[in-house]
Amino acid sequence: MYNKGITSFISFASFSRSMHALTESVWEVISWKSKSRYDTASDQYTRIFMPKLFIVSSLVMAFSYFNDKLNCMVSNRLDMSKEFVQETCWIQGFYIYHEMHTKLNESSYYGIPEYTGYNGVNRKGLLCSTVDRAGGKNYECIPMIRRYFLHYQWVPFYVCSLAIFYFFPYIVFKLGNADMISLVDTVRGGVLKDVDKIANNYFNYKINSKIKMKLIIWFNIFVRLLFILVNVTGFALTDYVMDGRFLSYGINWIKWNNYPNHIAHDIVKRQAPKPGDYFLPSVGMCDIHEALHDKRGIYVDKHKVICEISQNIRYQYIFIILWFFFLVGVITSILGLLHTLFTISKSLFWVYYPKFFPKKSLSDRVHSQLTLREMEYLDKIRSVDLTMYGEILRELTRFKPDIQTLKRFQTPNGCEMITLLPTAPLGDVRDVV
């Protein structure tokens, strides 16, 4: 008895450690560490948040795949085990009839006739059977189109692969923005003594040429377009793999949610299926063939069973969440491009039409003498370390005549002021003069 207690305790401890390790692993995947990053917030939504969402969704789907069980209505006439029927249906998939979408009053479940023997419609649009009572073919009955669905088997892998697809634009971004990445790393781990090093390397046209910086600006516009393409493609590709029913899924769900409760859940009064059933039915049919060969002869029969697929119910909830975040991703990436174009246009206007800007601050005066890429450098430095940003500005106005920032900025008092720091010594001002 004592040994059994120790064994149980050890097993429980091992299980607890395993669950703790699993929880930590999942938390590492979904956690979002707040820090200064190389790219913009709109890009971070696509390359950080969306992949994490896809990974978590695929884990939930995979859990459903391995733990949920089918429930099929198996008749006593079917001379085989219920487990065999359910496993066979799981492998070969389920189907509903496409024409039953407009015959909800004659449906037992969405897409399934009340009498499962009906598998066609006649010229009058009435349900019928393609096989008559004698076993012959009924030529007046046109077979209905079957819609098969086996999404529960491969959708978790597809959703997980989207994480890689959505991260791809960031890989392209890093290939063309090595200068910005190294600058952010330097500012993060640097001190004020690194100000001179930053100014002499990143704002020096002999090292960092204007042509190179101009190409990077155009390259980043291409990256913004790539982010839009990835978001739109991910949305459209998911619609394609889900039989063209995903794009309208969220809209249908919003409309259905506006119905009163007594109508929303009554298929007869509403005269429209639930958005989840239309998108991914939770009940389907499956054909089972039974064959027996013994000394008396060969017995062959065909059975049609109705099964409940609980996995699809969970998938309905997951995909409605994904739909909204897909939409936000498309909008966010478009806004990211518009923000980039607006920033470039504003900077160009600042450079070519400086008379419209009063240049009241030192940063205004310095920016009017820089290229677009150098403005991005300063904006990124300001977001990472405001103190170093001020020192960089002073460094540019004092020691960088090669980029035309050595100016005598006059204040209303006639005194030359070239620093953002209010306690800067006057000796520094005389040195510049």
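These legends accompany close-up views of a predicted model.

**View 1. Strand β2, covered on both faces.** Let us start with a strand that spans residues 94-97. On one side sit F94 and I96, on the other Y95 and Y97, and all four of these residues are buried. Strand β2 runs antiparallel to strand β8 (residues 146-149), and four bridges join the two. If you would like one pair to locate in the view, try I96, whose bridge partner in β8 is R147.

**View 2. A salt bridge between strands β9 and β8.** Here D287 meets R146, with 3.1 Å between the closest N and O atoms. D287 belongs to strand β9 (residues 283-294) and R146 to strand β8, so this contact ties together parts of the chain that are 141 residues apart in sequence. Are the two partners buried or exposed? D287 has a relative accessibility of 11% and therefore counts as buried. R146, at 30%, counts as partly exposed. Strand β8 will be familiar from the first view, as it is the antiparallel neighbour of β2.

**View 3. A salt bridge between helices α14 and α5.** The side chains of R373 and D179 come together at 2.9 Å, N to O. R373 is in helix α14 (residues 372-384), while D179 is in helix α5 (residues 178-189), and the pair links parts of the chain 194 residues apart. Both ends of this contact lie under the 20% cut-off for buried residues: R373 has a relative accessible area of 1%, and D179 has one of 9%.

**View 4. A salt bridge within helix α5.** Staying with helix α5, we now look at D185 and R188, whose side chains meet in a salt bridge at 3.9 Å, N to O. These two residues are three apart in the helix, so about one helical turn separates them. What is the accessibility of each partner? D185 has a relative accessibility of 38% and counts as partly exposed. R188 also counts as partly exposed, at 36%.

**View 5. A salt-bridge network.** To finish, we return to D179 and R373 and bring E376 into the picture. Salt bridges with shared partners join these three residues into one network. For the wider setting, the structure holds eight salt bridges, including the pairs D287 with R146, R373 with D179 and D185 with R188.

Definitions and conventions. Residues are numbered from 1 along each chain as its sequence is written. This is a predicted model: local features need pLDDT of at least 70, side-chain atom pairs count only at pLDDT 80 or more; totals for chains, interfaces and linings use all residues. Side-chain values use heavy atoms; hydrogens and water are left out. Buried means under 20% relative accessible area, exposed over 50%, partly exposed in between (1.4 Å probe, protein chains only). Two strands pair if DSSP finds at least two bridges between them. A salt bridge is a side-chain nitrogen of Lys or Arg within 4 Å of a carboxyl oxygen of Asp or Glu.
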